Amino acid sequence: MANTVFLSDSQLLITALNNEDPIQASPDYRIRPHLSQITTANKNKGVHYIKIPRTHNSQAHRLARQALNTPPNSSCLYSCFYLGHSSQCPVHHALQSFQWGPISLISVICV
Ligand SMILES: [Zn+2]
């Protein structure tokens, strides 16, 4: 992922990710494994981490809360609202043809 921007409403997360040593910079040990995964996957790829206000992140916040409350192996809720996809939605096709492995999607909306 080159030229990728990660947006988060967590000041703790963004401050740690923008530090030279994100894992040591995190005061909360619980997010250190996640910081390690993020930094390893994006090392030398020109990724930027930017803090945004919680009010600009309400949809993501709602989805994160939904993910925490969704039982494992639940089916994904899919909707397509793009009129040009009335006969075939490429997002739906991509969802069916990709192997998600240990990741499970809870909600996908094509707009
Ligand atoms: Zn669609």
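How many residues does helix α4 have, and how far does the helix reach from its first C-alpha to its last? In this predicted model, α4 covers residues 58–69, which gives 12 residues, and its span from first C-alpha to last is 17 Å, close to the 16 Å expected at 1.5 Å a residue. The helix is hardly covered, for the count of buried residues among its 12 residues is zero. Among the elements of the protein, α4 also has the lowest mean pLDDT, 82, while β2 has the highest, 93. These values can be read against the protein as a whole, where the mean pLDDT is 87 and 98% of the residues reach 70 or more.

The position of this helix becomes clearer once the domains are considered. The protein is divided into domain 1, residues 1–57, and domain 2, residues 70–111, whereas α4 takes up residues 58–69. The C-alpha centres of domain 1 and domain 2 lie 26 Å apart.

The overall dimensions may be taken next. The protein has five helices and four strands, and from the N terminus on its elements run β-α-α-α-β-α-β-α-β. Its radius of gyration is 17 Å, well over the 13 Å that the globule rule gives for 111 residues, and therefore the protein is more spread out than a compact globule. Taken along the principal axes, the box that the C-alpha atoms fill is roughly 50 × 30 × 30 Å. Of the 111 residues, 6% count as buried. As for the contacts with a separation of 6 or more, 64% of them are accounted for by residues 24 or more positions apart.

Within domain 1, the buried residues offer a place to begin. In soluble globular proteins, nonpolar side chains tend to be buried together. Here the largest nonpolar core is made up of five residues, namely L13, A16, L17, L35 and Y49, and the largest share of this core, three residues, comes from helix α1, residues 11–17. One of the core residues, Y49, touches F6, I14, L17 and N18 when residues up to four places away in sequence are not counted.

Two loop residues of the same domain may be set beside this core. D21 lies in the loop between α1 and α2, the latter being residues 22–25, and D21 counts as exposed because it has 10 C-beta neighbours inside 10 Å, where 12 or fewer make a residue exposed. The C-alpha atoms of D21 and T39, which are 18 residues apart along the chain, are separated by 9.5 Å. N44, for its part, is found in the loop between α3 (32–42) and β2 (48–51), and N44 is exposed because 6 other C-beta atoms lie within 10 Å. The backbone at N44 also deserves a look, since this residue has a positive phi of about 60 degrees although it is not a glycine.

In domain 2, what does C89 touch, apart from residues up to four places away in sequence? C89 lies in the loop between β3 (77–80) and α5 (90–97), and under that restriction C89 touches C80 and C110. With 17 other C-beta atoms within 10 Å, C89 is partly exposed, because that count lies between the 12 or fewer of an exposed residue and the 20 or more of a buried one. Across the chain, the C-alpha atoms of C89 and F6, 83 residues apart in sequence, are separated by 26 Å.

L105 can be followed in a similar way. This residue is found in the loop between α5 and β4, where β4 is residues 107–110. L105 has 14 other C-beta atoms within 10 Å and is therefore partly exposed. Leaving aside its neighbours within four places in sequence, L105 is in contact with C76 and W100. L105 and G46, by contrast, are 59 residues apart in sequence and 27 Å apart in space, C-alpha to C-alpha.

Notes:
Residues numbered from 1 in each chain as written. Predicted model: local features only at pLDDT ≥ 70, side-chain atom pairs only at ≥ 80, totals over all residues. Domains from an automatic or database assignment. Helix = DSSP H or I, 4+ residues; strand = E, 2+ residues; numbered from the N terminus. Expected span 1.5 Å × (residues − 1). Core = buried A, V, L, I, M, F, W, Y, C linked by C-beta atoms within 7 Å. Contact = placed C-beta atoms within 7 Å. Rg over C-alpha atoms; globule rule 2.2 N^0.38 Å. pLDDT = per-residue confidence, 0-100.
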